[in-house]
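Trainee: I have a new model open. Can we go through how its parts fit together?

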Amino acid sequence: MLFLLDYGAGNVTSLANSIRKLGHQFRWIETSADFEAATSLVFPGVGAFESAIQHLSHRGLLEPLRKYILSGRPYFGICIGMQVLYQSSEESRSPGLGIIPGPIERFSDNDKAVPHIGWNSSQPLDVLLPQDVCTHFYFVHSYCAKYKPEKFPEAAQWAHTTTQYGEEIFVSSVRKGDVFGTQFHPEKSGGAGLALLDAWLRGTLPAHEPEGPRVSRPLNLKHGLTKRIIACMDVRANDEGDLVVTKGDQYDVRERVALAATAGGAVRNLGKPIALAERYYDAGADELCLLNITSFRHSPLQDQPMLAVVRVAAERLFIPLTIGGGIKDTIDPDGTPRAALEVASAYFRAGADKVSIGSEAVYAVERLRARGGVADGTSAIETIAHAYGRQAVVVSIDPRRTFVDPGEDLGSRVSEVVRTTDGTAWWYQCTVSGGRETRPLSVVELAQGVEMLGAGEILLNSIDRDGTGLGFDLDLLALVKRSVRIPVVASSGAGSASHFVEAFAQTDVEAALAAGIFHRDEVKISEVKEALRSAGINARQ
């Protein structure tokens with residue numbers, strides 16, 4: 001009997017969906033007695049090492065888990081489920097299970113963004129694959145088991161595969177006997193991940209027992225982190241109440257009436273959310289983003305159609321899914337208060353991997369600055385990051401150019417000013433409500449503020465470039481990228497495959513997102529991937 005262990009954080013729904021799709025049955029661990037009935041066990045998880053250990057201890061499951069693993073029965077730990085096998089973690093005062101005698105450490109951010117988010121290769125130890133062979137899996141984490149065979153030789157004997165991120169090599173999977181663990185998420189790694197998961201469930205995963213000392217491989221930058229291509233869908237109800245994918249000028253998503261210059265027609269309908277999402281999954285999108293722009297975003301827990309979309313998407317699509325819209329403290333129409341954490345939790349339970357926060361992040365940083373840069377733990381970013389890990393929190397930023405008059409005193413913002421050869425100069429001012437209201441924050445102040453509060457990724461839009469097809473705002477991307485140490489996703493303005501190449505080649509952002517050009521089939525995801533490969537930019541095939 002296969003059992004799944006849920007410690008209470010992150011998206012375990014996707015793993016359950018993956019196992020069902022592969023034709024396997026399972027039960028959930030509910031009490032310590034269930035470990036005795038289990039003949040195989042999967043422990044998935046994201047978030048923090050300490051919260052996982054504490055939660056398992058509180059439920060009386062930690063020691064039964066250790067006893068189960070030591071019994072030699074099959075075990076598959078995913079992400080946190082692998083990390084808890086180790087002796088300790090830098091993010092925790094609580095010890096791990098101690099089955100692997102080594103530590104979990106934080107990535108260095110000297111040469112790369114942290115968290116490590118995206119698709120990376122996993123190289124078997126002692127078996128050097130040909131340079132043109134590379135299987136990518138999806139990672140999302142800030143802490144890892146660094147591969148140090150000289151310092152931790154016993155732990156190194158557990159290493160099954162390693163992965164390179166920047167100039168660091170870490171253990172991406174462990175294996176000894178029937179104990180198996182992956183730092184990556186097979187349930188979010190498309191066909192390659194499902195094949196690996198199915199092989200383990202069927203007991204057909206090839207045996208691998210190391211013989212003799214392990215040899216650390218040289219750095220191989222070719223097989224490092226790929227650049228991600230994200231398909232984004234703005235979802236709202238049309239006048240008939242059906243959910244559709246739309247696109248417009250911020251919230252103006254209605255068709256123009258005949259030859260009139262004013263809006264007023266039907267809601268622009270570019271397709272059904274699930275149908276489009278499946279199309280992008282089949283086309284090779286690396287991630288999907290669903291943004292709820294219906295009126296229900298003001299009471300998202302009552303938005304059952306949108307939650308249903310997330311559930312169905314998670315059942316059919318096995319790549320990361322980000323949900324945005326209404327992730328904030330709200331009050332239902334009947335007066336019931338709803339915390340942002342409660343809203344995010346509902347989306348995670350439905351199958352989302354990350355949530356996107358917009359205007360609320362601006363207000364949170366304004367409060368942070370008013371307190372002299374002291375966080376109080378109450379913002380949506382902080383509460384969600386504490387419960388689910390910072391990698392689960394994306395902040396969507398909507399800046400616009402504010403032009404500078406000659407001689408204008410900009411104070412500390414002078415270093416943020418972009419100047420052209422003809423003397424034109426501007427800085428980037430942040431907005432809320434889809435660009436309809438400006439706020440007294442620069443894009444750098446906002447980006448650095450959300451990083452301080454615990455955001456794991458920035459989705460960087462441009463009010464000036466949105467819908468223009470003129471290309472990403474490279475000055476904006478470069479400015480924010482050099483101001484933070486978390487991943488940045490480029491958004492707004494893409495009109496051709498070459499625009500993605502420019503963004504990655506000239507700004508070093510980790511991902512790029514588009515919507516309308518994909519919906520209208522003006523640019524195909526396959527064309528973008530081919531353009532990246534032709535330019536020598538690492539992309540998942």
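Trainee: Which residue stands opposite Tyr75 in E13?

Mentor: Val179 does, in this predicted model. Tyr75 and Val179 sit on strands E4 (residues 75-78) and E13 (residues 179-182), which run parallel.

Trainee: What makes E4 and E13 a pair?

Mentor: Four bridges join E4 to E13. Pairing needs at least two bridges, so E4 and E13 count as paired.

Trainee: What is the order of the open sheet of eight strands?

Mentor: The order is E2-E1-E3-E4-E13-E12-E11-E8, with mixed pairing.

Trainee: What makes E2 and E8 edge strands?

Mentor: E2 (27-28) and E8 (123-124) each pair on one side only.

Trainee: Which strands does H1 touch?

Mentor: H1 packs on the sheet and touches E1, E2, E3 and E4. The direction of H1 makes about 160 degrees with that of E1.

Trainee: Why are H1 and H7 called roughly perpendicular?

Mentor: H1 (residues 13-21) and H7 (residues 190-202) pack at an angle of about 70 degrees. Angles of 65 to 115 degrees count as roughly perpendicular, so H1 and H7 earn the name.

Trainee: Which residues make the contact of H1 with H7?

Mentor: H1 gives Leu15, Ser18, Ile19 and Lys21, while H7 gives Leu194, Leu197 and Leu201. They divide into five nonpolar, one polar and one charged.

Trainee: Why is one side of E5 left without a neighbour in the sheet E5-E6-E10?

Mentor: E5 (86-89) stands at an edge with a single partner strand, so one side lacks a neighbour. E10 (143-144) stands at an edge too.

Conventions:
Residues are numbered from 1 along each chain as its sequence is written. This is a predicted model: local features need pLDDT of at least 70, side-chain atom pairs count only at pLDDT 80 or more; totals for chains, interfaces and linings use all residues. Side-chain values use heavy atoms; hydrogens and water are left out. Axes are lines fitted to C-alpha atoms, for helices over the stretch in contact, and angles run from 0 to 180 degrees between N-to-C directions. Helices (H or I, at least four residues) and strands (E, at least two) are DSSP runs, numbered from the N terminus. Angles under 35 degrees count as roughly parallel, over 145 as roughly antiparallel, 65 to 115 as roughly perpendicular and the rest as oblique. Contact means heavy atoms within 4.5 Å. Ala, Val, Leu, Ile, Met, Phe, Trp, Tyr, Cys and Pro count as nonpolar, Asp, Glu, Lys and Arg as charged, and the others, Gly among them, as polar.
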